[in-house]
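I opened a fresh page for this structure. My plan was to look things up one by one and write down what came back.

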Amino acid sequence: MRKKHLVLGAAVAAFVGAPFAVPSAQAQESVYVPLFTYRTGPFAGSGIPIANGMSDYLNMLTERDGGIGGAKLIVEECETGYDTKKGVECYESVKGKKPVLTNPYSTGITLQLIPTAAVDKIPVLSMAYGLSASADGNLFPWVFNPPATYWDGASVFVKYAAQKEGGFDKLKGKKLGLVHLDAPYGKEPIPLLEALAKEYGFELKLYPVPASEMQNQSSLWLNVRRDRPDWIYLQGWGAMNPTAVKEAAKINFPMNRLVGVWWSGGDDDARPAGDGAKGYSSLDFHAVGTDFPVIKDIQKYVVDKGKSQVQKEKVGENLYNRGVVNSMLIAEAIRTAQQITGKKAVTGEDVRRGLEQLNISDARLKEMGATGFVSPIRTSCTDHNGHHKVYVAEWNGQKWVKASDWMEPMKDKVRPLIEAAAKAYAESNTGWPKRTEPCDKSS
Amino acid sequence: MLYREAGQFKTNYTADMAVFPILQDRIGIAVILGIAAIIIPLFGNDFLLQAVMTPFLVFSLATIGLNLLTGYTGLLSLGSAGFMGVGAYACYKLSTIFPGVNIIVWIIASGFVAAAVGVLFGLPSLRIKGFYLAVATLAAQFFLSWCFIRVPWLFNYNVSGAIEVPTRTLFGVPITGPNAAPVTRYLIVLAIVVAMTWLASNLLRGRFGRMWMAVRDMDIAAELIGIKLLQTKLLAFAVSSFYCGVAGAMMVFLWYGGAEAEVFSINQSFTILFMVIIGGLGSLIGSFFGAALIYILPIILRIVPAELGMPLHAATVEHLTFIIVGALIIIFLIVEPHGLARLWQIGKQKLRVWPFPY
């Protein structure tokens, strides 16, 4: 009797202990890509379409091409719930499996991973989020945030406003408001907008939304009504976005003068406000819809075969396509790394070089079946971002439609800020390592 | 059978008053310490050390801190995350202003800063009790969270508004920052937690602990027998905040390696309060049980389906974990409303009288 118990106890102990023991070696010729996603928690509304887009594109590559460049793709999702604690736990649990890169998908988790990336030799791809300063490749050789930073976004917003007003000189004396989440993410555009306010003579009004008050913004919008800003830029996330759009509609704010950053442009951010949201605009760095060969392939190989968690009609929505772009960057980085090193099973160090030499040209986009889906993306050793073009999309009540041309950010204004911020970061972290990674010659 | 104190005679008062009067308990605690200090560092992988044990110990310490206040002195507080934040930000400021001083000194010193802030916010406790005090401490929580976002001096005017942990060494070995090995960090956390638990257990068995418990059981009676309420309550706030502050500093410096203000939000306060309640109010070992149940159990539950090879999606596993943990908490509280510590007590008593229960 007791022996039986002992055996049972030992079995349970071995079973529970197994995951904590040293990991087994990986299969040959495969590349392990962990995806940090959040399909639960308060931000799940934005997290689910992104997660679907990311895994569907990589699964499509597996189904259609058998992987990338002959290497098998092992994709694994780890649920973070947008919680830094769980994100760090995810990172620790995947670290042993030699991931080629990580996608933290949360500013909080990104900040944790930035210092460890160089030590563990696992590059961080934070696509258009995270620390803007990490665009400086000299100080952050292991962190990448293409295709544009929040400062690029804010500069395009000012440019767009100037265009609609009829020139930069018309901005003088105008009021531009920033409705932002009162957290590092939301406060990011402030220094750039302040600099531009000084230069073009417009007045900047700040409307911070505390994280606990995301769904209760009525008093803030009363202030907006009192101040009557001419333009509003919205830097929000999760439940804050639909609330802001609804409140703006309620006070009859002219919706085509409310412009959101790309993370405020989910279909479900605009839809709840009904007809009132018509005209609400949002920056975007990729196209919406399914009229691209690459999305058709995803539908054909993954969604129609029931290998995806996505609802069929949600394929092609804004945030779904963003997930696809994220995975395109992952896949292209791996492909570039394979070209540079000539081996199939690339490591984190190789993929870092791949990310640095990323060159998704028009010709390459055509091969991928994504002409017009994103603007060509290119990075370099010093510039880990590229500061690429974005456009303004407008909600027509049903879906997002393109409302402007692809617009170049004010790189000359953004870049000095980035270099200063990167320097400040390195200085405040005494002993921040100097870049030792050599720079590959660009092809 | 094994767990029986028959034949263990106490011949002096010291032996009789010992923390662990029974030989088996002393052996047990030695075995646990041995496993924690030798077996786990030797055989555990980084995941176990960095994502399971270190956080568990940090939460245990914070839970002990809140337990001193809520469990032993009877003052309900919802500000523990705020006090943890004070510890973390104080440690960050101190270590960036005086980089030459050893970081462990600053981790302990930041506890004193948290204690000072705790005393300040403990002042209302003299006049209000129960739910009203909870609301007053809630104000502390919101005020401190606000400071962490709005006072740029606290995070050295960092653009991202976050604090990042610089590399610091002890005897030439990096113990904080990205280069610190998980095993070093774990051992330091373990040493601090063991030392402070020992301190707490002695404090509770001494004059202060008895004063706190007297206040908890009936403050008017305590006042009548000559306990000064103001000093006693403020001291409880100070010691509790000290523990929370050290836990917060360890959380950022030895576990996260960097943090934004969001980490010390009200949710964190609730998590710690739940750990106290489920572990058992007024019990040190219960603090460890509570932290283990709330922090480690979900991790184990998340691993189970993958180990069994069940093809479940990450999100489904997460939902299942929520359901199971929630159900377990309810079951535990129905079985024993006084928390896991009481369950442990009953188990020990049953063992002592086995096989002839009465």
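These entries cover the domains, a disulfide and the contact between the chains.

**Entry 1: the domains of chain A**

I noted at the start that this is a predicted model. I looked up how chain A is divided. Domain 1 takes 30–148 + 290–381, and domain 2 takes 150–284 + 392–412. I then checked the spacing: the C-alpha centres of the two domains lie 27 Å apart. Their contact takes 23 residues from domain 1 of chain A and 18 residues from domain 2 of chain A.

**Entry 2: where the two domains meet**

I looked up the area next. Domain 1 and domain 2 of chain A bury about 1700 Å² between them, and 55% of it is on carbon and sulfur atoms. Which three residues supply more than any others on the domain 1 side? I found Ser132(A), Asn318(A) and Arg322(A), with 29% of the area that domain 1 buries against domain 2.

I then turned to the charged pairs. The count between these domains is three salt bridges. I also noted that Arg322(A) forms a salt bridge with Asp284(A), with the closest N and O atoms 3.0 Å apart. Nine residue pairs are in polar contact across this interface, both residues at pLDDT 80 or more.

I went through the elements on the domain 1 side. Two or more residues come from each of α2 (44–65) and α12 (318–341) of chain A. The largest share, three residues, comes from α12(A). By class, I wrote down 13 nonpolar, seven polar and three charged residues for this side.

**Entry 3: a disulfide**

I counted two disulfides over all chains. I followed up one of them: Cys78(A) and Cys90(A), with sulfur atoms 2.0 Å apart. Is this disulfide left-handed or right-handed? The torsion about its S-S bond is about -85°, so it is left-handed. Cys78(A) sits in strand β2 and Cys90(A) in helix α3 of chain A, 12 residues apart.

**Entry 4: chain B against chain A**

I moved on to the two chains. Here 44 residues of chain B are in contact with 37 residues of chain A. The buried area is about 3700 Å², and carbon and sulfur atoms give 61% of it.

I found four salt bridges between the chains. Glu318(B) forms one with Lys86(A), the closest N and O atoms being 2.7 Å apart. I also recorded seven residue pairs in polar contact, both residues at pLDDT 80 or more.

Which element of chain B gives the most to the side that touches chain A? I found α12(B), with eight residues. I closed with the classes on that side of chain B: 23 nonpolar, 12 polar and nine charged residues.

Definitions and conventions
Residues numbered from 1 in each chain as written. Chains lettered and ligands numbered in written order. Predicted model: local features only at pLDDT ≥ 70, side-chain atom pairs only at ≥ 80, totals over all residues. Heavy atoms only, no water. Domains from an automatic or database assignment. Contact = heavy atoms within 4.5 Å. Buried area = accessible area lost by both parts, 1.4 Å probe. Salt bridge = Lys/Arg side-chain N within 4 Å of Asp/Glu carboxyl O. Polar contact = N/O pair within 3.5 Å; in protein donor to acceptor, adjacent residues only side chain to side chain. Helix = DSSP H or I, 4+ residues; strand = E, 2+ residues; numbered from the N terminus. Nonpolar A, V, L, I, M, F, W, Y, C, P; charged D, E, K, R; others polar. Disulfide = S-S within 2.5 Å.
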